Each structure stands twice: as C-alpha cells, then as structure tokens.
Amino acid sequence: MERMACDVLVIGSGGAGLRAAIAAREKGADVCVISKAPVGKGTCTIMSAGVFAGTPEEGPRDPHIEKTLLAGRGINEMDLVKVLAEEAPIRLRELVAWGMKGRFLEGYLFAEAIPSWGGQEIIRCLLEKAREMGVQFKGGMSVSSLSFDDGSAAGMAYSTVQQKWMQLNAGAIVLATGGAGGLYLQHDNPQGMMGEAYALALDAGAVLQDMEFVQFYPLGLSEPGFPRYLIPPRLGDYGRLYNHREEEILDKYGIEERPAAELARDRLSQVLFKEVLEEKNDIWLDLTQISEELWCSDPFSASSWEPLGQRYGARRRPVRVMPMAHHVMGGIRIDPEGSTGVPGFYAAGEVSGGLHGANRLGGNALTETLVFGARAGAKAGEWAKDHPVVPSVEVEMVRGFSDEISGTGNADPSELKKRLRQVMWEKGGIIRNRQRLSLALTEVAELEEKAGMVRILDDPSGISASLELCSGIRTARMILQSALKERKAAGRTFEMIFPSRMMKHGAAT
C-alpha cells in the first residue's frame, strides 16, 4: 500500500482548509492539502457569494459580537465569538493584501469576481498564496478513517485518481471539509457535502455538539432546468413574495423584520416549507418591477443582476422559490485554537461547532474560515514540530470497511442517497416534531441496513460514493437524535454533546 507523509495534513480545500495550510506553512511545516474533489472545487467557499462579516478597522467589536449572539439565540460559545470578532479585521485586511479583489461596505467585505460568484475569487487568492508558499495538493482523495495515538496521526483514503487505497501519516491533522447540507433534498451545497467529517471525527475520539441546528435559507431559486441559487435577502423585500393563490407571504404570516430573509431567516423558511410541502402551494418572487438602481444598491444584490436577473430570467418573469439547506451550526467541539481535545487533531470551518449557536449570522461563515483556519493551522504547525511523522502507524479500521463495501449486494449508493435526502427533507428538516423525527430515524435505520449491501460500480467513484453514503447515514442519525433530545439550561448555554465513539457504526449508547 502506498504511503503519503507530511508534517501537517489538511483535509479539505475550501477557505478554512487553505487558510489552515498557509498558517501551518508559516510555522515551517511540510504541508499537504487533500480533497475529495479537485483542489478548491466542490467546496462551499467556491460556491458562495463571497460575503465576509467584518470591517477593516480595529476598535470595539461589540456590534459584531451582539449581532452574532442575536442570530445564535444567545447559546453561542462566547470565547469563540470574541475571537471571531476581534481577529476578523486582521484576517480580512490580510486577504485583500494578498490580492483578493473586494471592497468593504457597511460592515462587510464583498469579494468581487465578474461575472462569477465572489467565492471563486476567494479560492483563487488563497490557492495562489498557498502554492507560492510551497503547500502540496492532492485531489480525488476520499478519507475513510483517522487515528491519533501517542502524538502520531494517521488516516486511510481511497484515491479515485490512482484507483487504490493510500495510508496517510502526519504529525498533525486539520479537518476542514465543510458541513452536511447535501443530506437534504433541497440544498445549495456541493452534492458531495454529506457530513463525512462528523463521522470521521467521532471515530477519532472527538466530541460533537449542537448537531440538531441546521440552517435553511428561505429564498432559493427552484426553477426546473436552472442550478440552485440563493437570492440575496434584500431582493426578497424589494420584490413581491406570494403563493399561487396570490397571498402575500410576509403579510400572511406577520413577518415584519427586514430584510426578512436575513433577520427572520428561520421563520421565513418555516412558513415557506409549510406552504410548499403541507399546503402544496408554489411560491413565487416577482422582481420584474425593480429598477436596476434599486437591484444593485448593495454589492450582494448587485452580484446577482447578471446571473439571476439576466441568465435565469428574473428580470422578465416571476421565479419559483423554495427554502434550501444551507449551513450546519453544530459540529466538532473545539477550543479557540481549533483543538478538538484529541492530541494532534484540529478542526476549522463549518465542520466545527459552537461559534454560531442555534443560527448563523450572514457573512460569519466565510469570516470563520479565515479566523479559525489560521488558528488551527498555526497550532497544528507548532504541534508537528515536536511530534514528527511516524510512518509505521497503521489504521486498521479501513480494512474492515473496504471489505464491507466490496460485497456483491444489489443496492445502488446513488438511489439510497436520494431516499436519505428525501427522508431528511420531509421529516428531519425545517419543520420537526417528535413523530416525524421518530419516523425519520426508523427510515434511516432501514437505509443503513441496505447500505451494507451496496453495489460497487465499475468506476472508481463507486468507493467514494459508498463512503459518502455510509458517513451520511451516520450524520443524519446524529442530527435526528439531537433534535429528539430535550435541551436543558446550564447557565447561559444549552449543550447537547455526542461523546467520542458514542455512535460508532450507528449504534447509540
């Protein structure tokens, strides 16, 4: 079996992973970034609008802290919130200094890329910086397991490029693979975003928290033949949002906050889900009467003038909209340095939990990637100095898994994924109750049994698809079980934590 070794292994090539790699390299570490998709592609960062919460000025950070706590319903981890607000100006100025095209306006940094989304500009800038510093990259790597023992880090991954399993050895590992939006039928994440990192972290000994908190964005373009697209929140106020019975949605449900899709994101998602799934109503957003001046009055809305207005036709006709899974607030429990509590194991970005509380402030996701990516990468680089790579460390778990998914069953991973997404969307998503969640858990258990009989396709992506499916089922179970548990007050925070290995192989204790 081929081995790959480095001082710091970063798993994930989105904003958090690239920023972690840069920080680890600054500490003198030999750094390698691996990713399931081609490097930088298939990430939430590259698909984002490129909006960072934060200003370039130093000074009191109270407004940023207050807005973050308000959005998170006050159950955010306060130490993480303070770090985010205090270091955001530094990291944002740094990104612009590295050559990212963008401008600061009204408490945000807007990445600018014409005609593409700003996320592509972010990835371009960070990739160029990392490559310039000598960071190594390898795409097409699906990680199946991680292990940490006596200061040594190891893992197993299947290379779809080389069509073989590879052993990974490192002094430290940073996990930055994003969230689990792809578990839902309607989402704006990359299709492969199935929550694999949560299962990896749990098996490696980390703790997960707040997994029930999944954020849905209310105004997602839902037009047949067009890609998923999040409509900027202010456009939802400028235009007319109504159902096919001509009922005005905001008036019907008494939603007075503006922008509604930003300040009442959760409530608006709930009422739209109720309209679509329960009342079988189509929801329309009519932007045809908005002037170009009003449409482009803020950078986020202006970035949608060409794709949404022209390419997707919203300037000429009303467009159908639907809420979509957008961001997971829960995840790996970390300290302000990105440490998971497992020696040599760090995490950053959406895969980590605690910062956002119950709901995320718009713009904080990208800022989080820079602030905590830099912190996790720096600490991983420091750890690796005193804990050299031990290439002899084996990871046994993957052998059993590779045997398990190489059977001759007739289950197709792609069909099981479709069913999993349907279950999570209808019973474990925007509107939940005990009955729905219990039914969802039963159906997920049935899918888990069928996943043990997957059919590996002739192409190398079959193993990657099976890894996604098995990990996705486990993460779905975590979300559903978390949502069913009652949360009890403990001071100013509420905590629902999964201890390490509690749900290994889907068996709860």
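## A walk through the predicted model

The side chains of H327 and R360 meet in a polar contact at 3.5 Å. That pair is a good place to begin a tour of this structure, which is a predicted model.

**Around H327.** H327 sits in strand β15, which covers residues 319–328. Is H327 buried or exposed? Its relative accessible area is 6%, under the 20% cut-off, so H327 counts as buried. Beyond the neighbours within four places in sequence, H327 is in contact with F213, V214, Q215, E350, H356, R360 and A365. The partner A365 is 38 residues away from H327 in sequence, while their C-alpha atoms are 8.5 Å apart in space.

**The protein as a whole.** Stepping back, the protein has 18 helices and 21 strands. It contains 509 residues, and 59% of them count as buried. What share of the contacts with a separation of 6 or more comes from residues 24 or more positions apart? Such pairs account for 74% of those contacts.

**A pocket that includes F213 and V214.** Two of the contact partners of H327, F213 and V214, turn up again in the second largest pocket, where they are among the residues nearest its centre. The others nearest the centre are E212, Q270 and R432, and the lining has 23 residues in total. The elements that give two or more residues to this lining are β11 (214–221), α10 (265–278), α17 and α18 (461–484). The volume of the second largest pocket is about 490 Å³. Sorted by class, its lining has nine nonpolar, seven polar and seven charged residues.

**R436 in helix α17.** One of the elements lining that pocket, α17, spans residues 434–451 and holds R436. With a relative accessible area of 18%, R436 falls under the 20% cut-off and therefore counts as buried. Not counting residues up to four places away in sequence, R436 touches E278, E426, K427 and I431.

**The enclosed space.** Rolling a probe the size of a water molecule over the atoms shows where empty space is left. How many cavities of 30 Å³ or more does the structure hold? There is one, and the largest cavity has about 30 Å³ of space. Its lining is made by L219, P233, G236, D237, L241, L250, A260, A261 and L268. Two elements, α7 (233–238) and α9 (260–263), give two or more residues to that lining. The largest share, three residues, comes from α7. By class, the lining divides into seven nonpolar residues, one polar and one charged.

**Helix α1 and its neighbour T369.** Helix α1 runs over residues 15–26, and its 12 residues should span 16 Å at 1.5 Å a residue; the end C-alpha atoms are 17 Å apart, so expectation and model agree. How many residues of α1 are buried? The count is 10 of 12, which leaves the helix mostly covered. The buried residues are G15, A16, G17, L18, R19, A20, A21, I22, A23 and A24. After α1 comes G28, with a positive phi near 90°.

Some of those buried residues meet T369, which belongs to helix α14 (residues 364–386). Leaving aside neighbours within four places in sequence, T369 is in contact with G15, A16, R19 and A374. T369 is itself buried, because its relative accessible area is 10% and the cut-off is 20%.

**Backbone points worth a look.** Most residues other than glycine have a negative phi, and most peptide bonds are trans. Against that background, a few places in this model deserve attention. A cis peptide bond joins R258 and P259, with omega at about -5°. P259 is in the loop between α8 (249–252) and α9.

R73 and E106 each have a positive phi although neither is a glycine. The table sets out their details.

| Residue | Phi | Loop between | Relative accessible area |
|---|---|---|---|
| R73 | about 60° | α3 (62–71) and α4 (78–97) | 44%, partly exposed |
| E106 | about 50° | β4 (102–105) and β5 (108–111) | 58%, exposed |

Why is E106 classed as exposed? Its relative accessibility is 58%, and exposed means over 50%. R73, at 44%, counts as partly exposed because that value lies between the 20% and 50% cut-offs.

Notes:
Residues are numbered from 1 along each chain as its sequence is written. This is a predicted model: local features need pLDDT of at least 70, side-chain atom pairs count only at pLDDT 80 or more; totals for chains, interfaces and linings use all residues. Side-chain values use heavy atoms; hydrogens and water are left out. On a 1 Å grid over the protein atoms alone, a cavity is a set of points where a 1.4 Å probe fits but cannot get out, and a pocket is an open set with protein on both sides within 12 Å along at least five of seven lines; lining residues have an atom within 4 Å of a point. Grid points are joined across faces, edges and corners, and a volume is the space filled by probe spheres set on the points. Helices (H or I, at least four residues) and strands (E, at least two) are DSSP runs, numbered from the N terminus. Ala, Val, Leu, Ile, Met, Phe, Trp, Tyr, Cys and Pro count as nonpolar, Asp, Glu, Lys and Arg as charged, and the others, Gly among them, as polar. Buried means under 20% relative accessible area, exposed over 50%, partly exposed in between (1.4 Å probe, protein chains only). Contact means heavy atoms within 4.5 Å. A polar contact is a pair of N or O atoms within 3.5 Å; within protein, one must be able to donate a hydrogen and the other to accept it, and residues adjacent in sequence count only if both atoms are side-chain atoms. The expected span of a helix is 1.5 Å times one less than its number of residues.
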